Amino acid sequence: DHQEQWAIFEFRAEGTGYPDSAVYDRIHHFPWPDHHPPPFSIVPNLMAAMRNWLTPVSETTETQKRVAVVHCKAGKGRSGTVSCSYLISEQGWSREDALKRFTKRRMRSGFGEGVSIPSQLRWVRYVDRWTNSMNKQYLERPVEIVEIHIWGLRGGVKVCVEGFVDEGRRIKNFHTFTREEKVNVDSTFEHELSDQTKPIKQDTETLLEPGEGQFPPRSERLPDVEKEPQQNVILRPRQPIRLEASDVNIDFERRNTSKFPGFTMVTSIAHVWFNTFFEGGYEGNDSGVFEIEWAAMDGIKGSERKGIKALDKLKVVWRYPADTREARIEEPKPGEPVAEGKSTDWRGGHDPEKEIEAKHSDGVSSGRAGGTALTLKEMSHEASQLLLGKDLGLRKSDPHSAGVSRASSVADSDTKPPEDKKDVKEMHQAANDDGEGVQTHGLNDSDDHVNGRVAHESHDHDRQDTAVGRNLEAGLNMVANMMSRLSGGSKS
């Protein structure tokens, strides 16, 4: 019986869903967006806040009963990142043991790892280094993205540079590369940066607006990506891209043309976060390079699904601007006051899942909040609204992307598509795995009182909502495509 010896640590930039008063104001706010790692600048204070609560300077019999309740959405990605970070930084656990324990206590057997998003795992490695190699020292500095080198870039890929703003509660797009900023290099493009700076020609083919492509029949949806035209390119911004923090996200989205006017087909989605302090800044370097391959990037909502392969590998060249000052962020000592973030409106703020609200009509509904209810007559023309949020499938063309690459229709490919139905399913499969395979544990369950005494909240209704609703929506999308072929794409 913990009585009053509990406190909530919440990480929901989307809002908690309840006012602080509903939990007797025993709540600490460190919010950031779902499916992403935290801004590293909040990690020292977050770790100190949990440590001060769980192991106060003046410990008594009562305080020994204390538990920390971590609250995100599914109690997996954000909560797992924080729980493992706490065990590493405050309890002396190894990174491997912390990750294994969280998986064992949080996941059902056979449902994968507890912390599975690549960028969140990268942050856990950062915490391990911060704790065991850096004496818990962290320097926050503005960073400039100099250029991005990409091997094997396919056509139609939009590349954006993003970072945290509003104390980590939001992610801002700082720059989207246009065709004027893309330089092709010849076939001798090597993997050493010193050999990558020779411009060969300005791209005039793949960075065009989508034409009158046709949405391909079912058997021709996915071309053999290894036979697609590929380029080795350098993306050089015309103006400096400056982020005010050291956390950097490079985001990729690939679109093909479709037969529906005003719509394009999203066939690839991926992104990757890194922090420049841990990628060379700690060693005293004022510049550095971050390198990663396509398979190691984050997929849709943190899953492994990324759609069709859009590139082979990239290197991000960054530097610290000379006219900036660094901010030294140290973990407060035991008993010292800890600065916390501001809470997001508990009713829910900006939710990208609900940016598009389709009209409801007599027909089939997904049953998901923000979902659609469409008649078969409307489906072929409103299919883009069946899959909300950032996902594969039909989307409205963005007028702000006029200078961004678009690939031709995949129907135009003269290569034979793969027979493997797994790839076809991937394009239409719902992307949100939130809570899939998560198990719940009461505080009295065996092995729950490990060092740190961290408990987890879960939301089974959220899991049912995302798994069932999105799968139904994905099915409706496939039916819409079939109806459009039967009707020739014309409204009736």
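**Figure 1. Strand 12 and strand 13 form an antiparallel pair in the predicted model.** Strand 12 (residues 247-257) and strand 13 (residues 263-275) are joined by 11 bridges and run in the antiparallel sense. The structure shown here and in the following views is a predicted model. Within this pairing, isoleucine 250 is placed opposite valine 272 of strand 13. The hairpin made by the two strands has five residues between them, and glycine 262 adopts a positive phi near 85° there. Strand 12 is mostly covered, with 11 of its 11 residues buried.

**Figure 2. The two faces of strand 12 and its pairing with strand 6.** Side chains of a regular strand alternate between the two faces of the sheet. In strand 12, Asp247, Asn249, Asp251, Glu253, Arg255 and Thr257 point one way. Val248, Ile250, Phe252, Arg254 and Asn256 point the other way, and the residues of both sets are all buried. Strand 12 also pairs with strand 6 (residues 157-165), to which it is joined by six bridges in an antiparallel arrangement. Lysine 158 has glutamate 253 of strand 12 as its bridge partner.

**Figure 3. Isoleucine 250 in the largest nonpolar core.** The largest nonpolar core comprises 69 residues, of which Phe9, Ile148, Ile150, Ile250 and Leu314 touch the most other members. Helix 1 (residues 43-54) supplies the largest share of this core, seven residues. A second, separate core has seven residues, including Trp6, Ile8, Tyr18 and Ile27. When neighbours within four places in sequence are set aside, isoleucine 250 is in contact with Ile148, Val159, Cys160, Val161, Ala270, His271, Val272, Phe274, Leu314 and Val316. Of these contacts, Val272 is also the residue that stands opposite isoleucine 250 in strand 13.

**Figure 4. Helix 1 within the surrounding structure.** Helix 1 contains 12 residues and spans 16 Å from its first C-alpha to its last, close to the 16 Å expected at 1.5 Å a residue. Because 12 of its 12 residues are buried, helix 1 is largely enclosed by the rest of the structure. Polar and charged names appear among the buried residues of this helix, including Asn45, Arg51 and Asn52, alongside others such as Val43, Leu46, Met50 and Trp53.

**Figure 5. Two aromatic pairs and a cluster of rings.** A search of the whole structure yields 14 aromatic pairs. In one of them, the ring centres of phenylalanine 11 and tryptophan 32 are 5.4 Å apart and the planes are at 35°, so the pair is tilted. This pair links distant parts of the chain, with phenylalanine 11 in strand 1 (residues 6-12) and tryptophan 32 in strand 2 (residues 27-32), 21 residues apart. Phenylalanine 11 and tryptophan 32 are both buried. The rings of phenylalanine 277 and phenylalanine 278 have their centres 5.4 Å apart and their planes at 85°, so this pair is edge-to-face. Phenylalanine 277 and phenylalanine 278 are likewise both buried. They belong to a cluster in which ring pairs link Phe40, Trp123, Tyr126, Trp130, Tyr138, Phe277, Phe278 and Tyr282.

**Figure 6. Positively charged side chains placed over tryptophan rings.** Arginine 66 lies over the face of tryptophan 53, at 3.8 Å from the ring centre. Tryptophan 53 is one of the buried residues of helix 1. At a second site, lysine 313 has its charged end over the ring of tryptophan 151, 5.1 Å from the centre of that ring.

**Figure 7. Arginine 129 and helix 4.** Arginine 129 is located in helix 4 (residues 118-132). The helix has 15 residues and reaches 21 Å from its first C-alpha to its last, close to the 21 Å expected at 1.5 Å a residue. Arginine 129 is partly exposed, with a relative accessible area of 26%. Buried residues of helix 4 include Trp123, Tyr126 and Trp130, and these three also take part in the aromatic cluster. Residues up to four places away in sequence not counted, arginine 129 touches Met134, Phe278 and Glu283. Isoleucine 88 is 41 residues from arginine 129 in sequence, and the two are 9.9 Å apart in space, C-alpha to C-alpha.

**Figure 8. The setting of the close-up views.** The protein as a whole has eight helices and 20 strands. Of its 492 residues, 56% count as buried. Among contacts between residues at least 6 apart in sequence, 78% join residues at least 24 apart.

Terms used: Residues numbered from 1 in each chain as written. Predicted model: local features only at pLDDT ≥ 70, side-chain atom pairs only at ≥ 80, totals over all residues. Heavy atoms only, no water. Buried < 20%, exposed > 50% of the residue type's maximum accessible area, 1.4 Å probe, protein only. Helix = DSSP H or I, 4+ residues; strand = E, 2+ residues; numbered from the N terminus. Pairing = 2+ DSSP bridges. Phe/Tyr/Trp six-rings, centres within 6.5 Å; stacked < 30°, edge-to-face > 60°. Lys NZ or Arg CZ within 6 Å of the ring centre and 35° of its normal. Core = buried A, V, L, I, M, F, W, Y, C linked by side-chain atoms within 4.5 Å. Contact = heavy atoms within 4.5 Å. Expected span 1.5 Å × (residues − 1).
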